[in-house]
Amino acid sequence: MSQAPTRELAQRVFASEFNDAGYTFKESDDERAPLYALLPTGARANRVFIVGTLTEKSDVGEDSEYWQGRIVDPTGTFFVYAGQYQPEAANFLREAEPPAYVSIVGKPRTYETDEGDVNVSVRPESITEVDVGTRDRWVVETAERTIERIEAFDDEANEYASMAREEYDLPVKNYQRDLLSALESVEDGESEGEAEEEEATEPTA
């Protein structure tokens with residue numbers, strides 16, 4: 001008896017790592033099997049959860065509307081594309097007024113250019129406008145998930161880390177540097193009230 005497919009957990013990932021995730025794979029020969037992007041820190045991603053600032057949007061379609069959105073996080077830029085098969089996301093981008101903080105759940109997509117480079121983008125399932133607090137929480141939680149992947153990277157039992165070592169020549173310390181920079185950007189952008197609340201709850205040395 002066949003089982004109904006379940007939705008994959010959406011991975012939290014910063015732009016700098018996501019844009020390096022050019023290798024995709026399936027885990028079975030079934031044509032309906034999910035397609036995964038291999039994150040360089042050693043995890044598979046069929047869906048991703050990103051939050052950032054929508055800085056630009058444009059209709060890049062020729063025969064019909066096909067919207068491109070440029071989403072910036074503290075480490076780099078995501079590109080999202082939505083057309084007739086993602087009507088809600090396409091409508092959001094059509095009506096959006098950049099700059100705006102947005103939350104996106106979507107699927108990684110790769111495209112090989114004529115020069116042989118691989119571009120990575122997101123096909124959004126949903127886009128929601130959010131506030132700066134949501135963006136900051138996403139940065140902190142994404143940093144935590146990235147640290148967890150980095151700490152498990154050298155585990156011989158971690159099959160996706162082994163795959164990442166084979167497919168990418170990318171030191172994971174690069175992503176550790178990026179996540180620390182992202183956390184610093186959130187701290188620098190805190191309001192005075194948020195900063196005072198943090199200090200009140202932190203243990204003294």
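**Salt bridges, helix H3 and surface charge**

A search of the whole structure, which is a predicted model, finds 9 salt bridges. One of the pairs joins the side chains of Arg12 and Glu141, with a nitrogen-to-oxygen separation of 3.0 Å. This pair links distant parts of the chain, since Arg12 belongs to strand E1 (residues 10-12) and Glu141 to helix H3, 129 residues apart. Glu141 has a relative accessible area of 28% and is therefore classed as partly exposed, the limits of that class being 20% and 50%.

A salt bridge is also formed between the side chains of Arg44 and Glu27, where the N to O distance is 2.4 Å. Here too the pair links distant parts of the chain: Arg44 lies in strand E4 (residues 43-45), while Glu27 is placed in the loop between strand E2 (24-25) and strand E3 (36-39), the two residues being 17 residues apart. Arg44, with a relative accessible area of 26%, is partly exposed, and Glu27, for which the corresponding value is 43%, is likewise partly exposed.

Helix H3 comprises 20 residues (132-151), and at 1.5 Å a residue its expected span is 28 Å; the C-alpha atoms at its ends are 29 Å apart, which agrees with that expectation. Buried positions in this helix are Gly133, Arg135, Asp136, Trp138, Val139, Thr142, Ala143, Thr146, Arg149 and Ile150. Two of these buried residues, Arg135 and Asp136, meet through their side chains in a salt bridge of 2.7 Å, N to O. A network of salt bridges, moreover, links Glu144, Arg145 and Glu148. As a general matter, side chains of opposite charge can pair when their charged atoms come close.

Thr134, also located in helix H3, has a relative accessibility of 23% and so counts as partly exposed, in contrast to Gly133 and Arg135, which are buried. The C-alpha atom of Thr134 is separated by 9.5 Å from that of Gly52, although the two residues are 82 residues apart along the chain. A further pair of residues separated in sequence is Glu95 and Lys57, which are 38 residues apart along the chain and 9.8 Å apart in space, C-alpha to C-alpha. Glu95 is found in helix H2, and its relative accessible area of 52% places it in the exposed class, for which the value must be over 50%.

In the loop between helix H2 (87-95) and strand E8, where Pro99 is placed, the chain contains a cis peptide bond, which joins Pro98 and Pro99 with an omega of about -5 degrees.

Surface charge is considered last. Glu112, Asp114, Glu115 and Asp117 form a negative surface patch. Of these residues, Asp117 is placed in the loop between strand E8 (100-112) and strand E9 (118-129). The relative accessible area of Asp117 is 47%, so that this residue is partly exposed, and the value satisfies the requirement of over 30% that applies to members of a patch.

Key. Residues are numbered from 1 along each chain as its sequence is written. This is a predicted model: local features need pLDDT of at least 70, side-chain atom pairs count only at pLDDT 80 or more; totals for chains, interfaces and linings use all residues. Side-chain values use heavy atoms; hydrogens and water are left out. Patches are made of residues with over 30% relative accessible area and no salt bridge: like charges are joined within 9 Å, nonpolar side chains (Val, Leu, Ile, Met, Phe, Trp, Tyr) within 5 Å. Accessible areas come from the Shrake-Rupley method with a 1.4 Å probe; for residues, only the protein chains shown count as cover. A salt bridge is a side-chain nitrogen of Lys or Arg within 4 Å of a carboxyl oxygen of Asp or Glu. Lys and Arg count as positive and Asp and Glu as negative; His and the chain ends are not counted. The place of a charge is taken as NZ of Lys, CZ of Arg, CG of Asp or CD of Glu. Helices (H or I, at least four residues) and strands (E, at least two) are DSSP runs, numbered from the N terminus. Buried means under 20% relative accessible area, exposed over 50%, partly exposed in between (1.4 Å probe, protein chains only). The expected span of a helix is 1.5 Å times one less than its number of residues.
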